[in-house]
Amino acid sequence: MRETTFVPETEIQRQRGIMEIVRAMADRPHTYYIVSMGCQMNERDSETVAGMLTEMGMTAAPAREQADLILYNTCCVRENAENKALGNVIWLKELKKDRPELKICVGGCMTQEKGMAEAMKRNYPFIDLIYGTHNLYRFPEYLWRVLTEGRPVVEVEQTDGEVVEGLPEKRRSTFKSFVNIMYGCDNFCTYCIVPYVRGRERSRRPEAILDEAKRLQDAGVKEITLLGQNVNSYMGGGAAFADLLYRLDALGIERIRFMTSHPKDLSDELIGAYATLEHLMPHLHLPVQAGNDDILRRMNRHYDRARYLDVVDRLRAARPDIGLTTDIIVGFPGETAEQFEQTMDLVDRVRYDSAYTFIYSPRTGTAAAKMPDDTPMEEKSRRIQRLIDRQLQITKEILEGMVGRTETVLVESVSARDGSMMGGRTPRAIMVNFPGTPALIGRFVKVRITSAGKNTLRGEMVANQGE
Ligand code: SAH
Ligand code: SF4
Ligand code: F3S
C-alpha cells in the first residue's frame with residue numbers, strides 16, 4: 001500500500017464556507033432524497049452527503065416525489081446494478097418534466113467508470129450534477145455551481161489515494177454505525193471493477209478511527225461495523241488490523257463487526273483476536289468466490305481451496321460458535337461442470353450460515369472480460385439455482401439447531417411483515433423476530449428461540465431482563 005495523503009483541512013474549511021453560502025440562498029432546494037445502491041461503502045458515503053445537505057439547510061423528504069433534490073449514489077459491480085441505476089435515472093426525466101426546478105445529482109461508483117460520466121452527460125442532459133467517488137468532499141462546491149451557473153456540472157476526478165477527515169455526516173441509525181477504516185482496493189480480482197472505481201488502497205489513521213468510535217460510543221451507539229474492501233490490508237497487514245481491533249475492543253463498545261476480509265491474508269493475529277476479544281462478534285464474512293483451484297487462480301485470488309478450508313478450521317478452533325457467511329460467483333468464464341461441483345462440495349464442507357450468490361457479470365476493462373466464456377446462460381442459471389437450494393437447506397439446518405437457546409439480541413426494527421413483531425440480530429448476526437414494541441429499538445434483549453424460518457429465527461422475550 002502506498003503512502004496515504006490527506007486532503008488539507010483548509011480545503012474542508014473552504015467546503016464548509018460554501019455550505020454556509022448555499023444555506024443563505026433563498027432559492028436553493030429545501031428538501032432532499034438520497035437513493036443509496038450497492039454496498040456499505042456507498043451507504044456510508046450517503047451519510048456524508050446527507051450531512052452536507054443538512055448543513056446547507058435542507059431536510060430529508062419522505063419520498064422522491066416530494067424532494068427538491070434527488071441524489072443517486074450508484075453501484076456498478078454487476079451489470080444489473082448498473083441497469084437499475086440507469087433505469088432510475090431515466091424515470092427521473094419524467095419527474096423533471098413536471099417540476100423543472102428539481103435538481104438531480106448522480107454520484108457513486110458508476111460515474112467513476114471510464115467514459116461513463118461523458119456518456120451520461122450526452123444521453124441524460126437533465127442530470128444537474130455528476131460527480132465521482134474520489135471527489136465526494138467537493139460536493140458542496142459542485143452543488144453551488146449548479147445553483148449559480150444554471151447548467152449541468154460534471155466533475156469526475158481520476159486522482160485517488162487521498163483520505164478526507166472532518167466532513168459532516170448524518171447517520172441513519174443512532175445505535176448501529178459504520179466506520180470506514182480504509183478505502184480502495186489493490187487486489188484486482190480479475191472479475192471485479194471495484195479497484196478501478198474506488199482507487200488504490202489507503203488507510204485512515206488509527207487515532208482518527210478511535211476518536212470516531214469513541215464519539216459514537218458516547219452518543220449511545222451499541223454496535224460498530226468497520227468498513228474496507230479488504231480490511232486485512234489496513235495499514236499494510238493483518239497484524240495492523242488486529243492491533244486496531246484490540247484498541248477498539250478496549251473502548252468497551254458492546255459489539256464490533258467488520259467487513260470485508262480477504263482469505264489470502266487473514267492473519268494469525270486476527271484469528272487470535274476471535275479467541276480473545278470480548279466485543280468482537282462471532283461472525284465473519286469471508287468471500288470464497290469459488291471452490292476450484294484453477295478458477296481461483298484465474299480469478300487472481302491468491303489462495304487455494306485447501307488454504308481456505310484451513311483458515312476456516314483455525315477460525316472455528318479459535319471461536320467454536322463463529323458463524324461464517326460468504327460470496328460466491330457462479331459461471332466464471334470457462335467454469336466447467338466439474339469445477340462447479342467443487343464449489344458445491346466446498347459449501348457442504350464449510351456450512352455457511354448464509355451466502356450471497358451471483359452469476360458472473362462481465363465488466364468492461366477487467367481481465368476476466370477478455371476470457372472466453374462458452375457456458376450458456378441457461379446452464380449458469382441451473383448451477384446457481386442448485387447452489388441456492390443447497391445453501392438454503394444448510395441455513396435451515398443451522399437455524400433449527402439454534403431452537404431452544406436464549407440469545408442476546410440488539411433490536412433494530414419493526415418487522416416489515418407484522419407490525420407487532422420486532423426484529424434484531426444475535427451476536428452471530430442472525431435475524432430474530434419476536435413479539436415486542438418499538439420502544440425496544442436500540443436495546444439489547446434476551447430472546448428464547450422457539451422456531452426457525454427460511455433464513456430468520458423466531459422467538460419470545462425472556463421475562464425479567466433485569467435492566
Ligand atoms: N471487497 C469485497 C466485496 C466486493 S463486491 C470483497 O472482496 O469481498 C461484492 C461481491 O460481488 C464480491 O465478493 C463478488 O462475489 C461479487 N462480484 C464482484 N464482481 C462481480 C462480477 N463481475 N460478477 C459477479 N459477481 C461479482
Ligand atoms: Fe473486488 Fe477482489 Fe478487491 Fe474485493 S478484493 S473489491 S472482489 S478486487
Ligand atoms: Fe458497488 Fe461500488 Fe460497492 S461498485 S459494491 S457500490 S464499492
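The following exchange goes through the ligand shells and one sheet of this predicted model.

Trainee: What makes the contact between tyrosine 191 and ligand 1 a polar contact?
Mentor: The cut-off is 3.5 Å between N or O atoms. A backbone N or O atom of tyrosine 191 lies 3.0 Å from a nitrogen atom of ligand 1, so the pair qualifies.

Trainee: How do you know that glutamine 289 and serine 361 make polar contacts with ligand 1?
Mentor: By the 3.5 Å cut-off again. A polar side-chain atom of glutamine 289 is 2.7 Å from an oxygen atom of ligand 1. For serine 361, a polar backbone atom lies 2.7 Å from a nitrogen atom of the ligand. Both pairs therefore count.

Trainee: How much of ligand 1 does the protein bury?
Mentor: Taken alone, ligand 1 exposes 540 Å², and the protein buries 89% of that.

Trainee: Which residues around ligand 1 are closest, and which strands supply the shell?
Mentor: Of the 14 residues that surround it, the closest are Arg78, Gln229, Gln289, Asp327 and Ser361. Strand E15 (323–330) and strand E16 (354–359) each supply at least two residues of the shell. By class, the shell divides into seven nonpolar, four polar and three charged residues.

Trainee: Why is one residue in the shell around ligand 2 called charged?
Mentor: Asp, Glu, Lys and Arg count as charged. The residues around ligand 2 include Arg301, so Arg301 falls in that class. The remainder of the division is seven nonpolar and three polar.

Trainee: What makes Gly38 a polar member of the shell around ligand 3?
Mentor: Gly38 is among the residues surrounding ligand 3, and Gly is placed with the polar residues, so Gly38 is polar here. The shell has five nonpolar, three polar and one charged residues.

Trainee: Why are strand E2 and strand E3 said to pair?
Mentor: Pairing needs at least two bridges. Strand E2 (residues 31–36) and E3 share two bridges in the parallel sense, so they pair. Tyrosine 32 stands opposite alanine 60 in E3.

Trainee: What makes E3 and E7 edge strands?
Mentor: The open sheet has six strands in the order E3-E2-E4-E5-E6-E7, with parallel pairing. Strand E3 (59–60) and strand E7 (153–155) each pair on one side only.

Trainee: Which strands does helix H2 touch, and at what angle does its direction lie to that of E2?
Mentor: Helix H2 (residues 40–55) packs on the sheet and touches E2, strand E4 (69–74) and strand E6 (129–131). Its direction makes about 170 degrees with that of E2. On a scale that ends at 180 degrees, the two directions are therefore close to opposite.

Methods. Residues are numbered from 1 along each chain as its sequence is written. Chains are lettered from A and ligands numbered from 1 in the order in which they are written. This is a predicted model: local features need pLDDT of at least 70, side-chain atom pairs count only at pLDDT 80 or more; totals for chains, interfaces and linings use all residues. Side-chain values use heavy atoms; hydrogens and water are left out. A residue is near a molecule or strand if one of its heavy atoms lies within 4 Å of it. A polar contact is a pair of N or O atoms within 3.5 Å; within protein, one must be able to donate a hydrogen and the other to accept it, and residues adjacent in sequence count only if both atoms are side-chain atoms. Accessible areas come from the Shrake-Rupley method with a 1.4 Å probe; for residues, only the protein chains shown count as cover. Helices (H or I, at least four residues) and strands (E, at least two) are DSSP runs, numbered from the N terminus. Contact means heavy atoms within 4.5 Å. Axes are lines fitted to C-alpha atoms, for helices over the stretch in contact, and angles run from 0 to 180 degrees between N-to-C directions.
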